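Colleague: Could you walk me through this model, one question at a time? I have the sequence and the structure open beside me.

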Amino acid sequence: MRQVRLWIAVGAVLLGVGFAQKQITIAMIPKLVGIDYFNATEQGAKEAAAELGNIRLIYQGPTEGRVDKQIELIENFITAKVDVISVAANDPVAIAPVLEKARKAGIKVVTWDADANVRDVFCNQATFAGIGKALADEMARQVGKEGEVAIVTSSLTAPNQNAWIAEMKKVLAKDYPGLKVVDTKPSEEDQQLAFRVTQDLLKAYPNLKGVWALSSVAFPGAAEAVQQAGKAGKVAVVGLSTPKQMKPFMKAGVIKSVILWNPIDLGYLSVYAAKQLVEKGLKEGDKIVTKRGTFTVQKDDKGLQVLLGPPFIFTPENIDKFNF
């Protein structure tokens, strides 16, 4: 009997070894490091890695929103033979060749926050149509259905911003034809540049009624320019950023809302998607089950995507509940 028990114990140990999870190394590359938004995505990614247990997470990005610096990092991660490269692309076209190189080397490619032309799956924070409509509707709510409005975007090649602008213009043409976009200025993920180009817009268009600011650094830059010009309450600033960063402008009456999604959950979902991609593969209709919800893999024009959910609007009534 003792011998039988011994063999059972040995078998259990061997089974445990056989079913031990293989460590997965994920190299996660934001557009840039050191700002609230990407600090929040890093937090979510680390929370997912801790839950899953077999994830080695490397979170590293450039200090400026430059695709050439992202390409350098990806080349290094290819050499290091990581399992997954997960990137928020600064330029979907320029980054594509190195991502294809990674795939040919057997590395899985996940995009998140900002898509690229080459990837296995995109973790999409919200649909472009959903964000575009939310931005257009919010501007019309604040300034009315007629007047001059302008856009401060990220870079002129930024995939998300260009898609949002296209969707915004569709909504304007259909629902608010009296709102005229008089200019679009890039701010290159630089808050001070966003501040300066917004100043230029205010001078060039004295009848300007509103400015859309389409990145987490463009929004505070544009809001500060409107505030310093003494036009708070006269020129609306509508955009996307983190609630923590925009709270002082809301308290001062410069802005009335912040449109976004939860970047912590976006970073979290991207790690879960990467793990499942490596261990089981992904196909249309698959479910990614997390402790924060279940997400369905969908087909899109480049392959597969996973949608986080609809955009969220932070207001004076709810903004104090959030700390990112």
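Colleague: Let's begin with one residue: is Thr153 buried or exposed?

Modeller: A word on the source before I answer: this is a predicted model, where local features need pLDDT of at least 70, side-chain atom pairs count only at pLDDT 80 or more, and totals for chains, interfaces and linings use all residues. Residues are numbered from 1 along each chain as its sequence is written, and side-chain values use heavy atoms, leaving out hydrogens and water. Buried means under 20% relative accessible area, exposed over 50%, and partly exposed in between, using a 1.4 Å probe and protein chains only. Thr153 has a relative accessible area of 1%, so Thr153 is buried.

Colleague: Where is Thr153 placed, and which residues does Thr153 touch, not counting those up to four places away in sequence?

Modeller: Helices (H or I, at least four residues) and strands (E, at least two) are DSSP runs, numbered from the N terminus. On that scheme, Thr153 is in strand E6, residues 146-153. With contact taken as heavy atoms within 4.5 Å, the residues that Thr153 touches are Gln161, Ile165, Thr184, Lys185, Pro186, Ser187, Glu188, Leu214 and Ala218, not counting those up to four places away in sequence.

Colleague: How many helices and strands does the protein have?

Modeller: For the overall frame, the C-alpha atoms fill a box of roughly 90 × 40 × 35 Å along the principal axes. Of the 324 residues, 52% are buried. The secondary structure comes to ten helices and 14 strands.

Colleague: Into which domains is the protein divided, and how many Å apart are their C-alpha centres?

Modeller: The bounds come from an automatic or database domain assignment. That gives domain 1 (24-125 + 262-309) and domain 2 (128-260). Their contact takes 15 residues from domain 1 and 14 residues from domain 2. The C-alpha centres of domain 1 and domain 2 lie 28 Å apart.

Colleague: Which members of the largest nonpolar core touch the most other members?

Modeller: A nonpolar core is a set of buried Ala, Val, Leu, Ile, Met, Phe, Trp, Tyr and Cys residues joined through side-chain atoms within 4.5 Å. The members of this 87-residue core that touch the most others are Leu135, Trp212, Leu240, Ile255 and Trp261.

Colleague: And which helix gives the largest share of this core?

Modeller: The core draws at least three residues from each of domain 1 and domain 2. Its largest share is nine residues, and they come from helix H10, residues 263-279.

Colleague: Taking Ile255, which residues is it in contact with, leaving aside neighbours within four places in sequence?

Modeller: Ile255 is one of the core members that touch the most others. Leaving aside those sequence neighbours, Ile255 is in contact with Phe219, Ala223, Val237, Met246, Phe249 and Met250.

Colleague: How do H2 and H10 lie relative to each other?

Modeller: Two packed helices are described by the angle between their axes and the distance between the axes. Axes are lines fitted to C-alpha atoms, for helices over the stretch in contact, with angles from 0 to 180 degrees between N-to-C directions. Helix H2 (residues 36-52) and H10 pack at about 40 degrees, with their axes 6 Å apart. Angles under 35 degrees count as roughly parallel, over 145 as roughly antiparallel, 65 to 115 as roughly perpendicular and the rest as oblique, so H2 and H10 are oblique to each other.

Colleague: And how does that compare with H3 and H4: what orientation does H3 have to H4?

Modeller: The axes of H3 and helix H4 (residues 96-104) come within 10 Å and cross at roughly 10 degrees. Ile71, Ile74, Glu75 and Ile78 of H3 meet Val98, Leu99, Lys101 and Ala102 of H4. The crossing angle therefore makes H3 roughly parallel to H4.

Colleague: Is Lys81 buried or exposed?

Modeller: Lys81 lies in the loop between H3 and E3. Lys81 has a positive phi of about 60 degrees although it is not a glycine. Its relative accessible area is 70%, so Lys81 is exposed.

Colleague: Is Asp113 buried or exposed?

Modeller: Asp113 is found in the loop between strand E4 (108-112) and strand E5 (121-124). Asp113 also has a positive phi, of about 70 degrees, although it is not a glycine. With a relative accessible area of 5%, Asp113 is buried.
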